Amino acid sequence: MNTKIELTNLKSLSKYGINNSNVKWNLSSDELIKICIDKNLGKIASSGALAVNTGEFTGRSPKDRFIVKDDITKDQVWWDGNINLPFNETDFDKLYNKVVNYLSTKELYARDAFAGADKNNQLHLRVVTELPWVSLFAYNMFIRPNQDELENFNPEWVVLQAPSFMAIAAEDGTRQHNFSILSFKRKVILIGGSGYTGEVKKGIFSALNFILPVFNNVFPMHCSSNVGNNGETAIFFGLSGTGKTTLSADVHRKLIGDDEHGWTADNKVFNFEGGCYAKVIDLSAKNEPEIYAAIKKGALLENVIFKNDSNEVDYNDVSITQNTRVSYPINHIENIQVPSMGENPKNIFFLTADAFGVLPPISKLTPGQAAYHFISGYTAKVAGTEAGITEPVPSFSACFGAPFMPLHPAKYADMLSKKMTEHNVNVWLVNTGWTGGPYGVGNRMKLKHTRAMINAALDGKLDNVTFENHPIFKLAMPITCDNVPTEVLNPKNTWTDKDAYDAKAMHLAKSFHENFKTFEEGTNQEILDGAPIK
């Protein structure tokens, strides 16, 4: 009898202050999809996937993401004034009460899940939302407990998402009507005013990026990873548009995960998630067959457009947003690692889409250079990606995921450097961007060449080749690589005007130095020596 009472209490939202609400618990994907169709909240695409519109927000709103400044966070979080924005405890408590009172009047969908494939570093999570397709997203993206685990599930953290609740900035301490706030003391992620599912995913990622290094000595990473037949794990860091998801989906290697991982003290890499969240802009079966095939029944498409009032998706149509997305359980990919863990990481790839055509297609980094480029997190925005951008613009995101990193970037870089040294790991900088000139003049690096270079690194074929140093970025460039034209390996050789190349390289080097001024105080000399020449 006591056990039944205990289990009943576990399946209750009253401890969060939510009362008198109609709550639907841990519905299957089929049940959630049916509700969405019945309520006219989505449409079934020809692939079988559910397509929805996320409303006002089709991407994250980083200026409206806050961390409560309390006894846990005040001396640990890097309060940089730009990314990790503090939120007053008293204001949080007041806003929390408003949100739970609001949710108490709604039909809700609650889901229990795990974040982290490694049971020693696993977060027990509950997601509560007023939108059935957000619950489907949570089903796809987090690790799904079995029935026995659900019966006794006791969550540590809760996500409360109220898309229709609008904050009043002057009263609630927010910037505007939408918000995403993390409280490490209360173990709550409070989201309001936005239906964009990425706020749920990245809220949990941000929490883990604080919890794991501070309390568990685990290095959290915004990366994809896969494992070869030899048991060696490869890790791919990269910002959106650099090829992180595409390059880690390799038919010859088993996918561990496509976006968020941890690296333990005993040298294991584990996926935080149970699914994938991929961009679908310009998606085709030819270029990205694994992702294309994964978009089937159970997958959730966001903000896509259908062709001529049909149910066939036009992946080239960006009428709503360029950030069209799909989420799906990781088992929609055929060649996956089960469980989502790997051992013996031997190669790390930093992916950058250099639109200036300056960086080598592949280069090997020293530990100091690796830390420098990791903290820099460089890629480039090209014309058309954002309003007002008419030519390439350098874009830097520390640790290749600055909006989700509560600690000083140097702390994560220090963990990376130690991993490199302890486990004899190679770090490679790979330019998936332009060659032969900048965007508008040169051409995008051929995917088959990028894959050939990555395969050569993974197979050890670059271990004994001759390298030459880049004169400005000081990067070690191989002079030969199987299945790659020799002239491609040194970017200067691909430019007709060599003086123009040097000028563009110095221009980009200056951007690196300007960006790094923010981080100099927290870094050591070895990292500073990894910079390009001035």
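How much area does the protein expose, and what percentage of it do carbon and sulfur atoms supply? The protein exposes about 21600 Å², and 47% of that comes from carbon and sulfur atoms. Keep in mind on this tour that you are looking at a predicted model.

**Stop 1: the whole protein**

Start with everything selected, in cartoon view. The protein has 15 helices and 30 strands. Its radius of gyration is 23 Å, close to the 24 Å that the globule rule gives for 534 residues, so the protein is as compact as a globular protein of that length. Along the principal axes, its C-alpha atoms fill a box of roughly 75 × 55 × 45 Å. Of the 534 residues, 60% count as buried. Now think about contacts between residues with a separation of 6 or more: 72% of them join residues 24 or more positions apart.

**Stop 2: an open sheet**

Next, find the open sheet of 8 strands, whose order is 1-6-7-8-10-9-4-5 with mixed pairing. Select residues 22-25 (strand 1) and 85-87 (strand 5): they stand at the edges with a single partner strand each, so one side of each has no neighbour in the sheet. On average, neighbouring strands here are turned by 25 degrees against each other, direction ignored.

Add residues 107-115, which form strand 6; this strand runs parallel to strand 1, and 4 bridges join the two. You can pick out one pairing by selecting Trp25 and its bridge partner in strand 6, Ala110.

**Stop 3: helices on the sheet**

Select residues 132-141. This is helix 4, which packs on the sheet and touches strands 6, 7 and 8. The direction of helix 4 makes about 10 degrees with that of strand 6.

Then select residues 198-216, helix 7, which also packs on the sheet. Among the strands helix 7 touches are strand 4 (65-68), strand 9 (179-183) and strand 10 (188-192). Its direction makes about 150 degrees with that of strand 8.

**Stop 4: the nonpolar cores**

In soluble globular proteins, nonpolar side chains tend to be buried together. Which residues have the most contacts inside the largest nonpolar core? They are Phe237, Ile348, Phe350, Phe374 and Phe473, in a core of 103 residues. Helix 7, from the previous stop, gives this core its largest share, 8 residues.

Show the side chain of Phe237 and look around. Its contacts include Met221, His222, Lys244, Leu351 and Cys399, as well as Ile348, Phe350 and Phe374.

Finish with a second, separate core of 26 residues, where you can select Phe66, Val68, Leu95 and Ala167 among its members.

How values were computed: Residues numbered from 1 in each chain as written. Predicted model: local features only at pLDDT ≥ 70, side-chain atom pairs only at ≥ 80, totals over all residues. Heavy atoms only, no water. Pairing = 2+ DSSP bridges. Helix = DSSP H or I, 4+ residues; strand = E, 2+ residues; numbered from the N terminus. Axes fitted to C-alpha atoms, helices over the stretch in contact; angles between N-to-C directions. Contact = heavy atoms within 4.5 Å. Core = buried A, V, L, I, M, F, W, Y, C linked by side-chain atoms within 4.5 Å. Buried < 20%, exposed > 50% of the residue type's maximum accessible area, 1.4 Å probe, protein only. Rg over C-alpha atoms; globule rule 2.2 N^0.38 Å. Areas by Shrake-Rupley, 256 points an atom, 1.4 Å probe, with all protein chains shown as cover. Lists of a residue's contacts leave out its neighbours within four places in sequence.
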